[in-house]
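Got the structure open in your viewer? Let's walk through it one selection at a time, starting with a pair of chains.

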Number of protein chains: 6
Amino acid sequence: MKIMIINPNSDIEMTKAIEKTAENYAKGEFKIICKPTMGGPRFIARYEDHIMSATGMIKLVKENEEKVDGFIIACHSDPNLDLIKEITRKPVVGIAEASMKIASMLGHKFSVISPIEHSIPNKEALVRKYHLQDMLASVRAPKSKDNEWSEEESLTKAAELAVKEDKAEVIVLGCAGMTGLDRIIQKNLSVPVLDGVTCALIILTGLIKYGVSTSKVRRYNPEF
Amino acid sequence: MKIMIINPNSDIEMTKAIEKTAENYAKGEFKIICKPTMGGPRFIARYEDHIMSATGMIKLVKENEEKVDGFIIACHSDPNLDLIKEITRKPVVGIAEASMKIASMLGHKFSVISPIEHSIPNKEALVRKYHLQDMLASVRAPKSKDNEWSEEESLTKAAELAVKEDKAEVIVLGCAGMTGLDRIIQKNLSVPVLDGVTCALIILTGLIKYGVSTSKVRRYNPEF
Amino acid sequence: MKIMIINPNSDIEMTKAIEKTAENYAKGEFKIICKPTMGGPRFIARYEDHIMSATGMIKLVKENEEKVDGFIIACHSDPNLDLIKEITRKPVVGIAEASMKIASMLGHKFSVISPIEHSIPNKEALVRKYHLQDMLASVRAPKSKDNEWSEEESLTKAAELAVKEDKAEVIVLGCAGMTGLDRIIQKNLSVPVLDGVTCALIILTGLIKYGVSTSKVRRYNPEF
Amino acid sequence: MKIMIINPNSDIEMTKAIEKTAENYAKGEFKIICKPTMGGPRFIARYEDHIMSATGMIKLVKENEEKVDGFIIACHSDPNLDLIKEITRKPVVGIAEASMKIASMLGHKFSVISPIEHSIPNKEALVRKYHLQDMLASVRAPKSKDNEWSEEESLTKAAELAVKEDKAEVIVLGCAGMTGLDRIIQKNLSVPVLDGVTCALIILTGLIKYGVSTSKVRRYNPEF
Amino acid sequence: MKIMIINPNSDIEMTKAIEKTAENYAKGEFKIICKPTMGGPRFIARYEDHIMSATGMIKLVKENEEKVDGFIIACHSDPNLDLIKEITRKPVVGIAEASMKIASMLGHKFSVISPIEHSIPNKEALVRKYHLQDMLASVRAPKSKDNEWSEEESLTKAAELAVKEDKAEVIVLGCAGMTGLDRIIQKNLSVPVLDGVTCALIILTGLIKYGVSTSKVRRYNPEF
Amino acid sequence: MKIMIINPNSDIEMTKAIEKTAENYAKGEFKIICKPTMGGPRFIARYEDHIMSATGMIKLVKENEEKVDGFIIACHSDPNLDLIKEITRKPVVGIAEASMKIASMLGHKFSVISPIEHSIPNKEALVRKYHLQDMLASVRAPKSKDNEWSEEESLTKAAELAVKEDKAEVIVLGCAGMTGLDRIIQKNLSVPVLDGVTCALIILTGLIKYGVSTSKVRRYNPEF
């Protein structure tokens, strides 16, 4: 089994971190190709960032469709996910969709920890797109700007508030850039903390093993 | 007042039809610039078509932002509407959003007539995005393939079924390419038939006159 | 074009303020007749107030139907709006429906500023009637009673809290009596502030120009 | 215990039929005063009919508030129900609200049989007002016009279709004028058939015995 | 009329308190048999507690079906309510369903006071099961552990916060063990306070008098 | 990795079929223990069947908790799923929840094929419990009784109708007894057909590999 993980941004560091998480999950049982997106922005937050990534993402999918068994879109905005589901017959999993749907199986309500406040309404819109709005405890972002969002302390604190004040029973890390911090944050909390990349791997490797993929009958049919 | 209408596809004929509808509404009271999108597909139905239009649409907006008072996105999938709302401070109106929200003020439930069956699930997803799913009677497309969708007979028949069987009280024409057929279809039905371009003009000219535009505080803030 | 604005209460001052807002929007391009409702209460807050206004409102509509092109109901409870849509074939717009649906096109979530706390549940019920409950950030009323609700300071403060605490991206002024304060409040905030009378004029003048009106096929059919 | 049943229309025959149903339920255990509404229309279907009833209904409530223990509004559109809940401290029950909420306790989904097709959208709006839209199988009206709606055959047939085609598990008779037909229709069907007047009596006599009434803290507070 | 009230737990004290409430409501007009459940736990909070009660509850129903006219399940988690509705043709009422649906008729929103924080998510899931989630102001539990939940002070305080902060207009006592405290708490608040046992009696005695019961056509059909 | 699959009924044949499906997916990479439930009914359709299974299911979980890494509940009613999630710290997956949530990632809407008509409302209630009601195209059961439900022809025909008439884009096999028929039915249709046992294995093996399980902070906390 060979899986391609597309990081929709062009950040090499983040791509490496994603790959490391994936390899930790894979334990050598399947192959992983992890790529940043040429022409993509350094960080994805705005709708324009989604568009800047699209051409590079399409190129990666079209060039690799025959070589791999499925694709993961490794940005927690699931940019261009409908598009990628449409253009390939191979299964495609977004890290936001996978992590939030798995969260919905592990507890009453979940919170998403967003890297920046700017993304909160966009995340809320995404949660509603996946019909999960009534299982959402909150979307929270670390508040103080002098604390870098990547620092585990600020994320842990935001997650703690989500559990205590918003009554979240599961935490979803809302950025591929937070990958690798799930275990550290979970240690300090009493609830499961989910990394999107790992959750997407759970779904995608399962779909590949099972041999099912996106329905091509209407919504994701590339022809009409 | 000067308005730019962006046809997200590259079809010159359709662009002219849109312009004609707009001029009929404007009656010379404001200026209209109506443009097709360079690099856009001939017809927009798939998610990939949205992406193919994006670069050209951004270019049109950035080049004309200082010259016009607002933008209309004249495709009934509202492609890249969030993006365009984000990148400009000028007001932006999508023909699907405008026509369906006006429909919601004129009757109990509305139906959308889609040009092709392929678009029905995408339209349903769009209706839900605008929180209008409980006011939707149906999305219908003309059934027989030998009848061209642009023919008024096939559209009228689909609209009739929407009124009789689905209990629609208002009809929304679900494609910019249907522009100009509203009055003809309405004559044969007992319900209002809405053209998206005209509805978008109602909202956009009003916003411009009023002097309000997209909120830039979070979701559509281009900076973060 | 001639428009009748019905103030469902009998307050002459408020009627004049509404008329002034309308004339500012009209800039002489169309005629406005603005009338208080004989027999209506001084202020509309309770369900009984809606009923007290009904007979006078019906009278105004029936007497003026042939003389004007459309009606605006200028109270932010939209009292008797279904009734007025039913009894006339001319288009009818309520200032609450118009302002909240326009708000839904300008940002992720909106808040309504209510003149008094008593009206908050009624506003919430109205928002749900229009299927907008999931786009509502909050309904807020100025808290302290010694601050008159009409004072711009107390409204601005309530709007500020709506933006900061409830994450509203758009503010809707929830009373016709607040007309004229939109620009003043907007200056102090970073978000659009919508006046209901102006929003209703945007929709109504557009419908008249377009030549469409309430669907008479079932819900608003005066005969059965 | 003394109960006033207000028939919001002025029809004496229908008022007698309602009274008969109520006496059958009461079996002499409590007193019933059943009144038509002076000035009300002969039949209530349109929003204007609601208004025509309002003044007479208020008069009946205000004149009898001290003499009775509670009120029933005996029209299945629940006309002016919020108003009557607001103006009296005595408990008030509408026959639509009572019958549909009891229906929701007896089966998976219910259908409402409406006397005329015109009322279907209005009933749907009422069902949604009571947050019951997801438990509604359908609103159906007898189809053929030569069959009088009051005839048990046409109602039974509509109810049968609701059970077989719409999968209703409970039938609600959607008009006070159908009172007395519940048992006859139920005999021919395998599901409970609910009469609104009886259902309202269940709730109202219970509230009176219990000693609770409408909350007066905000929404139904007559003062502000 | 003879009614069996099943306390799904085995607590004799609580059973007596429930019986006392029921007798106070009955005033000798109908007979009440109130039984604890053999094999049931002392207190019901967990899903396992529901199962522990089930066998004893089924036994009580099957042994008494011919002797009584209907059943009340007197635990505010409504444990095994679908099951009991399925196995008997006699009407069955759960105290949570009855009290929350009556609450929905008395005010804009209601809050449930839960005995312990542990039950809050379970209550929320129950509220949603009954389609009442949009009428729920909050589920609250008394906070401090040194204050016994049965004490009226701690419950009153929780109810006060529900009214003031969550804008509840009606309070539902969320445990059969709180029975008898409704009047005491109501005295200190300005809103109706509902006891589940009394509310269930209102519905059940009404259904029996009316002669209707659970629909047996599909969902609650014991045979297939 | 060792997984226990609990068939909540006592049918040995069905248990073997489930085991075969599981072994086909496992391909020897992890161990499977597949057990019927002692004391469980032959087939699970009624709420009483859920209860009959409960004691045996609890016993299986408590006896095997230390020996296995996770549990699958292999009946498409997900009987006692909340209970099993509560009583063990090991991850637990229901085949209905897993298959319907995976279906929601593969297409616009899905249909569930139920073995018998009796189960349709119960399935609808289950779908709503998982917040998936707006992604449900339909629940369908094979109609004619002379065609055994286990026959692939009758299931294929029901699935075809779901795709053609209800516009399902994904089919979920709504009974563990249908296991093994997914590929056969899928061959005849143009959409993915999901087997619940396989879908549950995808989720459960992933959770085990990842090292996360049910949140124990509130709803599924066995202590309070």
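Select chain A and chain F and hide the rest for now. In this predicted model, the two chains bury about 4100 Å² between them, and carbon and sulfur atoms account for 60% of that area. Want to know which three residues to click on next in chain A? Pick A:Met105, A:Lys209 and A:Tyr210: together they supply 21% of the area that chain A buries against chain F, more than any other three residues.

Now widen the selection to everything in contact. You should pick up 48 residues from chain A and 48 residues from chain F. Compare the two sets: 100% of the interface residues of chain A are also interface residues in chain F, so the copies meet through the same surface.

Next, show side chains and look for charged partners. How many salt bridges are there between chain A and chain F? The count is four. Zoom in on one of them, A:Arg218 with F:Glu169, where the closest N and O atoms are 3.9 Å apart. If you switch on polar contacts as well, 26 residue pairs link chain A and chain F in this way, counting pairs with both residues at pLDDT 80 or more.

Switch to a cartoon view and color chain A by element. On the side that touches chain F, the elements giving two or more residues are α1 (12-26), α4 (95-106), α7 (182-188), β8 (193-194) and α8 (196-210) of chain A. Stop at α8(A), which provides the largest share of that side, eight residues. Then recolor the touching side of chain A by class: you'll find 22 nonpolar, 12 polar and 14 charged residues.

Time to try a superposition. Turn chain A by 180 degrees with a shift of 0.0 Å along the axis, and it can be laid on chain F with an RMSD of 0.0 Å. The two copies are thus related as by a two-fold rotation axis.

Bring the other chains back and try two pairs for contrast. Chain A and chain D do not touch, and their nearest C-alpha atoms are 15 Å apart. Chain C and chain F have no contact either, with their closest C-alpha atoms 15 Å apart.

Last stop: color by confidence. Chain A has a mean pLDDT of 95, with 96% of its residues at 70 or more. Where pLDDT is low, the predicted coordinates should not be read in detail. As for the whole model, the scores are ipTM 0.96 and pTM 0.96.

Key: Residues are numbered from 1 along each chain as its sequence is written. Chains are lettered from A and ligands numbered from 1 in the order in which they are written. Side-chain values use heavy atoms; hydrogens and water are left out. Contact means heavy atoms within 4.5 Å. Buried area is the accessible area (1.4 Å probe) that two parts lose on being put together, summed over both. A polar contact is a pair of N or O atoms within 3.5 Å; within protein, one must be able to donate a hydrogen and the other to accept it, and residues adjacent in sequence count only if both atoms are side-chain atoms. Helices (H or I, at least four residues) and strands (E, at least two) are DSSP runs, numbered from the N terminus. Ala, Val, Leu, Ile, Met, Phe, Trp, Tyr, Cys and Pro count as nonpolar, Asp, Glu, Lys and Arg as charged, and the others, Gly among them, as polar. Copies are superposed by least squares on the C-alpha atoms of residues with pLDDT of at least 70 in both. pLDDT is the predictor's confidence in each residue, from 0 to 100.
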